[in-house]
Amino acid sequence: MTKKQKKLLIFISAFAAVFAVVPEVNAMHIMEGYLPIGFCIAWGIVCIPFLTGGFFSIQKKLKENRKNITILAMSGAFIFVISSLKIPSVTGSCSHMTGTGLGAILFGPGAVSILGIIVLVFQAVLLAHGGLTSLGANTFSMAIAGPVLSWGVYGLCRKCKVNRRVSVFLAAALGDLFTYCVTSFQLALAYPSEQGGILASAGKFLGVFAPTQLPLALIEGFLTTVIIITLENYARPELESVGYLEKGKAGREKVQEG
């Protein structure tokens, strides 16, 4: 193990140590038994093609370079740790960050769908966070919809020649917010308002999440950017391997990002 890899390992371990002590967890994954059974089945079916594509995406990345598994595992650990944190909401509910933007930027949204469902299963079984009946809905909002938007925002920003770190921040923050927009819509579909229907109900759920989720999205954008900067300094070969950085452009990119 090289000196840079040791420093990276120390950083990841320190990050996990700070955030791994999780209080009682009942943050806003949709809880067990909250959705009608028909919706649980429907959202599960919707997720199947995305998860299938994600499996093949990971398989391809690992065939290209087995060392990619290190960054892939780190992305999964980041999702687990950061999405397990319970942040009390002023409305009496709870919110949390998603952590999926990092994996979406590095590996694309397909791979993150697999990481996300693994995390959600562990959280439902070990932490009573979310639930197995609501697994399909939670997977779609957190592990599919949010990462797709993060990936799209990052790609668009890079095409428009936006600074790489600003692109990372925007992708992670907006992906987090979009996850909660989708969750609000899912809840509204299951429980439409008597006056105003689905749209009115979605607006109410968004109003519940917004006071805490807006600042959390900014925090997630910042944390994701910090991790990317750390990886750029200590794991450049790995980032080149997954396609985040182009090979042979280290010097020029340092000037552009400086």
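# Helix packing and burial in a predicted model

Modeller: Of the 258 residues of the protein, 48% count as buried. The model is predicted, with a mean pLDDT of 81, and 81% of the residues reach 70 or more. The protein has 10 helices and two strands, in the order α-α-α-β-β-α-α-α-α-α-α-α from the N terminus.

Colleague: Which stretches have a pLDDT below 50?

Modeller: Residues 15-27 have a pLDDT below 50, and that stretch makes 20 contacts in the model beyond near neighbours in sequence. Residues 89-93 are also below 50, with 10 contacts counted the same way. Where pLDDT is low, the predicted coordinates should not be read in detail.

Colleague: Why are α3 and α4 called roughly antiparallel?

Modeller: The axes of α3 and α4 (residues 100-107) cross at roughly 155 degrees and come within 8 Å. Angles over 145 degrees count as roughly antiparallel, so α3 and α4 get that label. On the α3 side the contact is made by N68, I71, L72, M74, S75, F78 and I79, which meet T100, L102, G103, L106 and F107 in α4. By class, that contact has eight nonpolar, four polar and no charged residues.

Colleague: What makes α3 and α5 oblique to each other?

Modeller: Helix α3 (residues 68-83) and helix α5 (residues 109-126) have axes that cross at roughly 45 degrees and come within 10 Å. Roughly parallel needs an angle under 35 degrees, and roughly perpendicular runs from 65 to 115. The angle of α3 and α5 falls in neither range, and the pair is therefore oblique. Their crossing is right-handed. In the contact, L72, S75, G76, I79, F80 and S83 belong to α3, and V112, L115, V119, F122 and Q123 belong to α5. These residues divide into seven nonpolar, four polar and no charged.

Colleague: How do you know that α4 and α6 are oblique to each other?

Modeller: By the angle: α4 and α6 pack at about 55 degrees, with their axes 8 Å apart. That value is not under 35 degrees and does not reach the 65 to 115 range, so the pair counts as oblique. The crossing of α4 and α6 is right-handed. T100, G101, A104 and I105 in α4 meet M142, P147, S150, W151 and Y154 in α6. By class, the contact has six nonpolar, three polar and no charged residues.

Colleague: Why does Q213 count as buried?

Modeller: Its relative accessibility is 1%, and buried means under 20%; Q213 is therefore buried. Q213 is in helix α8 (residues 197-234). Apart from residues up to four places away in sequence, Q213 touches S95, H96, D176, L177 and Y180.

Colleague: What makes Q186 a buried residue?

Modeller: Q186 has a relative accessibility of 1%, set against a cut-off of under 20% for buried. Therefore Q186 counts as buried. Q186 lies in helix α7 (residues 164-190). Leaving aside neighbours within four places in sequence, Q186 is in contact with I30, W43, A137, F140 and S141. Q186 and F39 are 147 residues apart in sequence and 8.8 Å apart in space, C-alpha to C-alpha.

Colleague: How do you know whether G131, in the loop between α5 and α6, is buried or exposed?

Modeller: The relative accessibility of G131 is 5%. Buried means under 20% and exposed over 50%, so G131 is buried. Beyond its neighbours within four places in sequence, G131 is in contact with I30, E32, A124 and N138. E32 is 99 residues from G131 in sequence, and their C-alpha atoms are 4.1 Å apart.

Colleague: What share of the contacts joins residues at least 24 apart in sequence?

Modeller: Among contacts between residues at least 6 apart in sequence, 75% join residues at least 24 apart.

Colleague: Why is K161 called exposed?

Modeller: K161 has a relative accessible area of 74%, and exposed means over 50%. The value passes the cut-off, so K161 is exposed. K161 lies in the loop between α6 and α7.

Colleague: What is the phi of K161 near?

Modeller: Phi of K161 is near 60 degrees, a positive value in a residue other than glycine. Most residues other than glycine have a negative phi.

Conventions:
Residues numbered from 1 in each chain as written. Predicted model: local features only at pLDDT ≥ 70, side-chain atom pairs only at ≥ 80, totals over all residues. Heavy atoms only, no water. Axes fitted to C-alpha atoms, helices over the stretch in contact; angles between N-to-C directions. Helix = DSSP H or I, 4+ residues; strand = E, 2+ residues; numbered from the N terminus. Left-handed = near helix turned anticlockwise from the far one by under 90°. Contact = heavy atoms within 4.5 Å. Nonpolar A, V, L, I, M, F, W, Y, C, P; charged D, E, K, R; others polar. pLDDT = per-residue confidence, 0-100. Buried < 20%, exposed > 50% of the residue type's maximum accessible area, 1.4 Å probe, protein only.
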